[in-house]
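Got your viewer open? Here is a short tour, one selection at a time.

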Amino acid sequence: MPRCLLSLPIIVWLLLLSGPGYADMIALPEGALQTERDRSVFVAVPVTVFTRIEKGAPAGVMAEATDIILKRMGKTPVFIGMSMGEIPRAIADGQVGASALMVMTPANKDNVLFTEPVVQEYTTIAVRQGDGFKLNQLSDLRGRRIGGRVGYHYPLLAQDPEITIERFRSDGEVMRNLLLRKVDMVLMSTLSNVYSFRVEG
């Protein structure tokens, strides 16, 4: 049974999985048709600017797109809220058959089939007010404390071995370390981090 996922690395992607279905996870009333059971898919939904659940329904562009795509595939999505960190394990353990959002990592990109990007985000550098500096070339970042996300890839910065990135587990942790002056700057996504900044106040 095809399983459908939507994922977000620095780029938001649609992805498609293939493999055994999750029909046995759906409890249906007595006498329900087997075909209805086969159509149901549990969908993980994290709380982000792109995905969330409001009054039991999917909200946000990627969650709503997931709902539409699965229904057009003839599936019945059942949305379940969980954190981004829980999703890869939930998928690997078969607890969910899809995710409205997922970060592409070396570990999961070999286990899922990604389509072309649907929404693109770009990474930018943010500093505290008054701590700006000229950034004309990559070497201008050498010796500076840079904060970034665990699981994210920054290919341009990886080209310079003298540039190091301190990794944090969440956007909130990245931002707090910037505000507490534990890092000089942070790498942030131009779309989703605006939402994260609001959540952090």
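Select methionine 73 to start: this residue lies in the loop between α2 and β6 (76–81), where helices (H or I, at least four residues) and strands (E, at least two) are DSSP runs numbered from the N terminus. Methionine 73 is partly exposed, as its relative accessible area is 33%; buried means under 20%, exposed over 50%, and partly exposed in between, with a 1.4 Å probe and protein chains only. Now add arginine 39 and draw a C-alpha to C-alpha distance from methionine 73: you should get 9.0 Å, for a pair 34 residues apart in sequence.

Some ground rules before moving on. This is a predicted model, so local features need pLDDT of at least 70 and side-chain atom pairs count only at pLDDT 80 or more, while totals for chains, interfaces and linings use all residues. Residues are numbered from 1 along each chain as its sequence is written, and side-chain values use heavy atoms, leaving out hydrogens and water.

Next, step back to helix α2, residues 61–72. Does its length add up, and what is the distance between its end C-alpha atoms? They are 16 Å apart, which agrees with the 16 Å that 12 residues should span at 1.5 Å a residue (the expected span is 1.5 Å times one less than the number of residues). Colour the buried residues of α2: Met62, Ala63, Thr66, Asp67 and Leu70. They sit on the same side of α2, because they cover an arc of only 145 degrees around the axis, taken from the directions from the helix axis to the C-beta atoms. Just after α2 comes glycine 74, with a positive phi near 85 degrees.

Positive phi turns up at other stops too. Most residues other than glycine have a negative phi. Go to lysine 55, not a glycine, yet with a positive phi of about 55 degrees. Lysine 55 is in the loop between β4 (52–54) and β5 (57–59), and at 90% relative accessibility it counts as exposed. Then jump to arginine 181, which follows α6 and has a positive phi near 65 degrees. Look for it in the loop between α6 (171–179) and β12 (185–189); at 47% relative accessibility, arginine 181 counts as partly exposed. While you are there, show the buried residues of α6: Asp171, Gly172, Val174, Met175, Asn177 and Leu178.

Now for the loop between β9 (123–126) and β10 (146–149), home of glycine 132. Glycine 132 counts as exposed, at 57% relative accessibility. Its C-alpha is 9.6 Å from that of aspartate 184, a residue 52 places away in sequence.

Move to phenylalanine 133 and show its ring. What lies over its face? Arginine 144 does, at 3.8 Å from the ring centre; the rule asks for NZ of Lys or CZ of Arg within 6 Å of the ring centre and within 35 degrees of the ring normal.

For the last selection, take Val103, Leu141, Ile146, Tyr152, Tyr154, Leu157, Ile163, Met185 and Leu187, the 9 residues of the largest nonpolar core. Such a core is a set of buried Ala, Val, Leu, Ile, Met, Phe, Trp, Tyr and Cys residues joined through side-chain atoms within 4.5 Å. Centre on leucine 157: apart from neighbours within four places in sequence, it is in contact (heavy atoms within 4.5 Å) with Leu138, Leu141, Ile163, Ile165 and Leu187.
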